[in-house]
Amino acid sequence: MTPASLPIDTQSTSGLSLIDTLLQDQQELTAVDEFARTSGSGGRPFQSKYYQRLLPSSPPAPGEQYAFEVDLDRCSGCKACVTACHSLNGLDEQETWRDVGLLVGGTAALPVLQHVTAACHHCLQPACMEVCPTLAYEKDARTGIVKHLDDQCFGCQYCVLACPYDVPKYHAGKGIVRKCDMCSQRLSAGEAPACVQACPHEAIRISVVSQADVAADCEATNFLPAAPDPQLTQPTTIYKTRQVFPRNMVPADYYAARIEEAHPPLIVMLVLTQLSVGAYYVNAWLANRYETNAFADVRGWQSLIALGFGMLALGSSTLHLGRPHLAWRAFLGLRKSWLSREIVAFGAFAAAAAVYSSGEFLGGEHLIADSSWRLVRASVLAGGLAGVLCSVMIYYRTRRPTWGGTRTLFRFIGTSIWLGLAAMLFASMIAAVMHPELSVSAVMRDLFGRLYRPLVASALVKLTYEACDLLHLLDRHQTPLKRMAQLMTRELAGMTTVRFAIGALGGVILPSLLMIDAEQTSAVKWFATVTAIFAMSVCGELLERTLFFMTAVAPRMPGAVRT
């Protein structure tokens, strides 16, 4: 039957159109018709009868939020929740937003095994949101769900380092971080999240929790055995069990030390920014104490080479971003993110350093006594120091034991001093080579005699401080610092050996040999030895910073043994 042959006229006697007539008829359906229409058109999720009791009966009230509730007695470790989350969220092959770990304990006669399913805990004080420089996280004021805004993210991965539960996952192909959002779109439509629907034992459900109660429970560290301290972020996930866990309950991988990612662009950026800042401080120190002709002739080159390394460092930092064209967004988090503050501080440092170095290189010795020029130099030093301190805070803020505030501060300041001295020696030699009227041997004897002792002292102190990390092998308990020492002497033993060998050679042995024979050293030998000192010192610090990242044992939820 064609539309033209339908018995219904497009204009009824009452003057209503066909659409108005149908709408009027729809409002007059009986209760039976309404039920049939609702059921037939999918007014409710098709399988809601299977999981409706696993959802809260009402949305959160003020002071409440949604939370995962896990019944550990029901969890069998089947990983159906992992598979469902992976499939329904369209994750890549190696990408997971929910994981299943294993706790072990008890005795040989009565062993205890407990599977643990975990995803994002939608914390009251989410570390991912607090450190993000682009404000790519938000905590929904009504539901409490912590969401990641993919379009806002530029892939710095700072949230990956900061989250104690290993929740945000970096997607290299997309250049952004992604995470669980409790299937918020499904939840808003009355449909359970993928993991809740898929669990065959109904071990996972969505509950409404009081935020005040969560904070009180976290204060008492009442969360999960062997999990990171809940006071760090105040996680809201509820783990329930009727069992009494033995006191020796630990993750199955508790004694395994996992090598962390190296982050090469960050290694280069940290070492070279600290080199550049240290070089400017050494340059200023020499300018205030030694106004010799030799120093006046090389001062401009020192500043210029220090600037070059600083610019190289800032350029390399963008290689760490998944979406470097959005690097400008780092300024959005200036109010709360140390990464944003570091970028601003080093940006100001680079701008002031460019002005200062250009003037030093072109202006000559007349600028050294100029008060306004000293103000420019002071801004360079202040901006550089602020940048290094922000770098320290970035890693301290992650709360990883191996990146404690004192430990990181000593390492970063030590690198600045050591490489600053080595860089100034190298720059002075380059300047002497570039000036035909200068004697390389005369210039180097003058400056090397002044810089030798602080160079060797800084290298010895820093190497000794790092070697003390190996003393944690004697710790009775399997602490994060002991795991770090185990990595340095096992999987990363070769890198550790090379780091100390070339560090000692470049920072202590070669300078000492050169000092012994300084009066008889030829220009060629000065060039070769000072270049080797600088190159070995830089390579040694690059290896130290690689170990800094790769041995940064991260706290995380209980996991299975990794092969």
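Tutor: Buried means under 20% relative accessible area and exposed means over 50%, with partly exposed in between. Let's keep that in hand as we look at this predicted model.

Student: Happy to! Is aspartate 73 buried, exposed or partly exposed?

Tutor: Its relative accessibility is 26%. Buried needs a value under 20% and exposed one over 50%. Aspartate 73 therefore counts as partly exposed.

Student: Which residue forms a salt bridge with aspartate 73, and how far apart are the closest N and O atoms?

Tutor: The partner is arginine 242, which counts as exposed at 73% relative accessibility. A salt bridge needs the nitrogen within 4 Å of the carboxyl oxygen. For arginine 242 and aspartate 73, the closest N and O atoms are 3.8 Å apart.

Student: How many residues apart in sequence are the parts that this pair ties together?

Tutor: Arginine 242 sits in the loop between strand E9 (238-240) and strand E10 (250-251). Aspartate 73 belongs to the loop between strand E1 (64-71) and helix H4 (80-88). The pair therefore ties together parts whose separation in sequence is 169 residues.

Student: Now for a salt bridge in a helix: what separates aspartate 446 and arginine 450 along H15?

Tutor: Their side chains meet in a salt bridge at 3.0 Å, N to O. Aspartate 446 is partly exposed at 22%, and arginine 450 is also partly exposed, at 24%. An α-helix has 3.6 residues a turn, so residues three or four places apart point the same way. Because aspartate 446 and arginine 450 are four residues apart in helix H15 (residues 440-467), what separates them is about one helical turn.

Student: Is glutamate 544 buried or exposed?

Tutor: Glutamate 544 lies in helix H18 (residues 523-550). Its relative accessibility is 1%, and the cut-off for buried is under 20%. Glutamate 544 therefore counts as buried.

Student: Which residues does glutamate 544 touch, leaving out those up to four places away in sequence?

Tutor: Salt bridges that share partners join glutamate 544 into one network with residues including Asp469, Glu541 and Arg545. As for contacts, with residues up to four places away in sequence left out, glutamate 544 touches Arg411, Thr415, Lys462, Glu466 and Arg499.

Student: One last helix: how many residues of H14 are buried?

Tutor: Helix H14 (residues 405-434) has 30 residues and reaches 42 Å from its first C-alpha to its last, close to the 44 Å expected. The helix is mostly covered. Of its 30 residues, the number buried is 21.

Note on methods: Residues are numbered from 1 along each chain as its sequence is written. This is a predicted model: local features need pLDDT of at least 70, side-chain atom pairs count only at pLDDT 80 or more; totals for chains, interfaces and linings use all residues. Side-chain values use heavy atoms; hydrogens and water are left out. Helices (H or I, at least four residues) and strands (E, at least two) are DSSP runs, numbered from the N terminus. Buried means under 20% relative accessible area, exposed over 50%, partly exposed in between (1.4 Å probe, protein chains only). The expected span of a helix is 1.5 Å times one less than its number of residues. Contact means heavy atoms within 4.5 Å.
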